[in-house]
Amino acid sequence: MKLTVSRIDPWSAMKMSFLISVALGIAGVVMVAVLWMILSGMGVFSEVNRLVGTILQDSENPFDLMDFLGFGRVLSLSIVIGVIDVILLTALSTLGAFLYNICSALVGGLQLTLTDD
């Protein structure tokens, strides 16, 4: 059976892409939190602090990596990036649906062949 996808509803494309991008955003925030906890548990941050302290040898202003990479700061940044990602992916997929509809009007759409097993 041959079918042709002649039009994609931009509203349904926007709803689906919003839900998928929200799920990806939540997964990204959880992934960053787990990765930070693993690295902290392995002592990577303390080793970097020790290494940079050895290189700088500044007793007045000791270097602390947690001033820059604290858990709250990293998690906040990943949430901001996730929100921006949701907005951009939703807008781009809606725009893609509009562009597909324009191109489909010119060339006839995407033809699919379905078979019954």
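Which helix is the place of leucine 106? Keep that in mind as you go through these close-ups, which come from a predicted model.

**View 1. Leucine 106 and a nonpolar patch on the surface.**
Leucine 106 has its place in helix α3, which covers residues 71-107. Its relative accessibility is 71%, and anything over 50% is called exposed, so leucine 106 counts as exposed. Leu106 also helps make a nonpolar surface patch of about 1,000 Å². Its partners in that patch include Val80, Ile84, Leu88, Phe98 and Val107.

**View 2. Threonine 90, a buried residue of helix α3.**
Stay in helix α3 and look for threonine 90. Is this residue buried or exposed? Threonine 90 has a relative accessibility of just 11%, and the limit for buried is under 20%, so it counts as buried. Leaving out residues up to four places away in sequence, threonine 90 touches Met14, Ser17, Phe18 and Ser21.

**View 3. Methionine 16 and serine 93, 77 residues apart along the chain.**
Now hop over to helix α1, residues 10-42, where methionine 16 has its place. Follow the chain from here to serine 93 and you cover 77 residues, yet the C-alpha atoms of the two are separated by 9.2 Å. Methionine 16 counts as partly exposed because its relative accessibility is 49%.

**View 4. Helix α2 from end to end, and what comes just after.**
Helix α2 runs over residues 44-56, which makes 13 residues. At 1.5 Å a residue, the helix should span 18 Å, and its end C-alpha atoms are indeed 18 Å apart, so the two values agree. Just after α2 sits glutamine 57, with a positive phi of about 50 degrees.

**View 5. A salt bridge within helix α2.**
Here the side chains of arginine 50 and glutamate 47 meet in a salt bridge, with 2.9 Å from N to O. Why are these two about one helical turn apart? They are separated that way because they sit three residues apart in helix α2. As a rule, an α-helix has 3.6 residues a turn, so residues three or four places apart point the same way. Glutamate 47 is partly exposed, with a relative accessible area of 41%.

**View 6. Arginine 7 and aspartate 9, another salt bridge.**
How many salt bridges does a search of the whole structure find? The search finds two. In this one, arginine 7 pairs with aspartate 9, and their closest N and O atoms are 3.9 Å apart. Arginine 7 counts as exposed at 55% relative accessibility, while aspartate 9 counts as partly exposed at 35%.

Note on methods
Residues are numbered from 1 along each chain as its sequence is written. This is a predicted model: local features need pLDDT of at least 70, side-chain atom pairs count only at pLDDT 80 or more; totals for chains, interfaces and linings use all residues. Side-chain values use heavy atoms; hydrogens and water are left out. Helices (H or I, at least four residues) and strands (E, at least two) are DSSP runs, numbered from the N terminus. Buried means under 20% relative accessible area, exposed over 50%, partly exposed in between (1.4 Å probe, protein chains only). The expected span of a helix is 1.5 Å times one less than its number of residues. Patches are made of residues with over 30% relative accessible area and no salt bridge: like charges are joined within 9 Å, nonpolar side chains (Val, Leu, Ile, Met, Phe, Trp, Tyr) within 5 Å. Accessible areas come from the Shrake-Rupley method with a 1.4 Å probe; for residues, only the protein chains shown count as cover. A salt bridge is a side-chain nitrogen of Lys or Arg within 4 Å of a carboxyl oxygen of Asp or Glu. Contact means heavy atoms within 4.5 Å.
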